[in-house]
Amino acid sequence: MLRSGARAGRGGMPLGRLFAAPALLFAAFVLLPLIALAARAIGDGEVVERLTSPFVLHALRLSVVTSTVTLLLALALGVPAAYLLARTRFPGHRFVAILVELPMVLPPTVAGVGLLVAFGRRGLFGGWLAAVGLELPFTTTAVVLAQLFVSAPFLVRSLQAGFESIDPTYEHVSAALGVSALRTFWRVTLPLARPALLTGAVLCWARALSELGATLIFAGSFEGRTQTMPLAIISAFESSAGLSGAIAISAILLVVALFLLVLMRLTLRSVPAYLRDETAEP
Amino acid sequence: MIARPHARLLPLMLAALLAVVMFACGGDDSGGSTPIATAPSATVLPAAATASAASATATPTAEPLTGTVSVFAASSLTDVFTAAGEAFTEANPGVTVEFNFQSSSALAAQIEEAAPADVYASADEAQMQRLVDKELIAGAPAVFARNLPVIVVPADNPARIASATDLSKPGVKLVLAGEDVPIGRYARQVIGNLAADPAYGPAFKNAALANLVSNEANVRAVLAKIELGEADAGIVYRTDAMVSGDRVLAIAIPQSANVIATYPIAVVDSSENAEIAAAFVAFIRGTEGRRLLSDAGFEPGSGA
């Protein structure tokens, strides 16, 4: 029963009452584990102790470094790819678009197996790499590649949608005014796509930071070299430290993730109002 | 113009999806969920009363057992326990056995967090003791089998490993299980024992561990990396090398330095199927179980 007409007077949110219950349920479901985790971590008091242990510090540093490198690589490769997907129509365009989205729906372990089969020592291309002395498995590079594979599509997809929503007229006007194509892209197109770029970058970075399955299978797990935070959490959980060890490390990762999210949102705030999507919550 | 077959493609794809779901559900019941994606999956044996003339040597019980028993067992027991499960359900048609095969340490962690296990079979006493200390085990664990660690290399032996000494050769990619995983602990003990031998020297240990490139989640993950040829050498159980057959080459560890892996089994205290659990444990420790274990290459457990 939607008495939207009658409710319209109360702040103009006719669906507020109807949607409040499911929305609150969802919010509670997402918040409760995080709150429980934070509460347990503070209560147990192990967090500070663990924070200074080499095991955790190595994992933290590795996670932050690899996910940042992944993000930069994703930007370098993904921005041009997204632009071409948005602005041009080549044979097999739809196929490529689906391929780009595939890593998003693929289970990470499948991605890991695929990377191993392709780039492992006995892999399809791995053989050639090995011939030039480049063996990828068990290296930090492999961690970055695994993260890149699973997280780059988030950036590309978001950015592609962003580019598609920009009226090509702006670019035509810029060209008509004698500005080179590259400068147009840098000064006109990209700034206009900034919200999509930043959303995509957040998703990409977050996905890279949390990557587990592909990393384990392709890169292995070794402290300081390939054992990222998610791998460290699993290792702690299975060790004699058990759940308390895992809680402490999880709490640390939670704080880091929160920090990154806030950082991203603050950067987004500096986007001029006319570029920001006005209907979205800032 | 580009043809748009969407009108027919969509119902076709939905039908295909439905077919896949029906096929997946219509087969075995899915059971024994494993929370950690990287671990080997659980297998379930339905209570099908197979019409086998050569029936298993069933221990006669007063009443036929019915129900489900959830067995958490070390990864190295995957093949032999699966076979044992089949034999057990043949002898007890009313029973369904669900397996959860992962590293003993991962399983212990899950049992600590109240995972629904009825039987726990570990690859070392330390992980079993971990649960005994937390009063999660009913009764006293019994050692039902022993095993021997062995060095394995890929079938074509890319690093030309001929003996244990070669583990310390520079550039060798060594893969072991994690420190808390039984085989990981045993392997490190072996390396330590070798280093204590004057023929190897203390530098052996540092050199060998410097070659370590990954701490895998369980013994089968180590085996997989060797089979794939991604690593040059690993330490697994002799029984795992047998399972891999031609895909790996096994190199014996000098007997003086080798350790004996002892496998205890016990009923979990919180089990709601204690009777079936006890029956399964008895089966493993009984004639049929011992035969299956020895066929798989396990040494007998301590007497009684």
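The following exercises, each with a worked solution, concern a predicted model.

**Exercise 1. Length and course of a helix**

Determine what span helix H2 of chain A should have, and compare it with the separation of its end C-alpha atoms.

Solution.
- Step 1. Helix H2 of chain A covers residues 16–44, which is 29 residues.
- Step 2. The expected span is 1.5 Å times one less than the number of residues, so the helix should span 42 Å.
- Step 3. The end C-alpha atoms are 40 Å apart, which agrees with the expected span.
- Step 4. The course of the helix includes a kink of about 30 degrees at A:Leu31, shortly before the proline A:Pro33.

**Exercise 2. Two helices and their cover**

State how many residues are buried in H2(A), and how many are buried in helix H7 of chain B.

Solution.
- Step 1. H2(A) is hardly covered, since the count of buried residues among its 29 residues is one.
- Step 2. Helix H7 of chain B, residues 219–227, is mostly covered, with eight of its nine residues buried.
- Step 3. The buried residues of H7(B) include the charged-type names B:Arg220 and B:Lys225, together with B:Val219, B:Ala221, B:Val222, B:Leu223, B:Ala224 and B:Ile226.
- Step 4. Just after H7(B), the residue B:Gly229 takes a positive phi of about 80 degrees.

**Exercise 3. Classifying a tyrosine**

Decide whether A:Tyr170 is buried, partly exposed or exposed.

Solution.
- Step 1. Locate the residue: A:Tyr170 is found in helix H9 of chain A, residues 168–176.
- Step 2. Count its surroundings: 13 other C-beta atoms lie within 10 Å of A:Tyr170.
- Step 3. Apply the cut-offs: a residue is buried at 20 or more such atoms and exposed at 12 or fewer. A:Tyr170 is therefore partly exposed.
- Step 4. Name the contacts: not counting residues up to four places away in sequence, A:Tyr170 touches A:Val188 and A:Leu192.
- Step 5. Consider a distance: A:Leu134 is 36 residues from A:Tyr170 along the chain, and their C-alpha atoms are separated by 45 Å.

**Exercise 4. The largest nonpolar core**

Identify the residues of the largest nonpolar core that touch the most other members, and describe where the core draws its residues.

Solution.
- Step 1. The core holds 147 residues, and A:Ala146, B:Val119 and B:Phe280 touch the most other members.
- Step 2. Helix H8 of chain A, residues 140–164, gives the largest share, 14 residues.
- Step 3. In chain B, domain 1 and domain 2 each contribute at least three residues to this core.
- Step 4. Leaving aside residues up to four places away in sequence, A:Ala146 touches several residues, among them A:Ala111, A:Leu115, A:Ala214 and A:Phe218.

**Exercise 5. Contacts of chain B**

Describe the side of chain B that touches chain A, then the contact between the two domains of chain B.

Solution.
- Step 1. The contact between the chains takes 20 residues from chain B and 21 residues from chain A.
- Step 2. On the chain B side, helix H3 (104–112) and strand E8 (212–216) are the elements that give two or more residues.
- Step 3. That side divides into six nonpolar, seven polar and seven charged residues.
- Step 4. Within chain B, the assignment gives domain 1 (31–146 + 263–300) and domain 2 (149–251).
- Step 5. Their contact takes 18 residues from domain 1 and 16 residues from domain 2.
- Step 6. Helix H2 (78–91) and H3 of chain B each supply at least two residues of the domain 1 side.
- Step 7. The domain 1 side divides into six nonpolar, ten polar and two charged residues.

Key. Residues are numbered from 1 along each chain as its sequence is written. Chains are lettered from A and ligands numbered from 1 in the order in which they are written. This is a predicted model: local features need pLDDT of at least 70, side-chain atom pairs count only at pLDDT 80 or more; totals for chains, interfaces and linings use all residues. Two residues are in contact if their C-beta atoms, placed from the backbone, lie within 7 Å. Helices (H or I, at least four residues) and strands (E, at least two) are DSSP runs, numbered from the N terminus. A nonpolar core is a set of buried Ala, Val, Leu, Ile, Met, Phe, Trp, Tyr and Cys residues joined through C-beta atoms within 7 Å. Domain bounds come from an automatic or database domain assignment. The bend at a residue is the angle between axes fitted to the seven residues ending there and the seven starting there.
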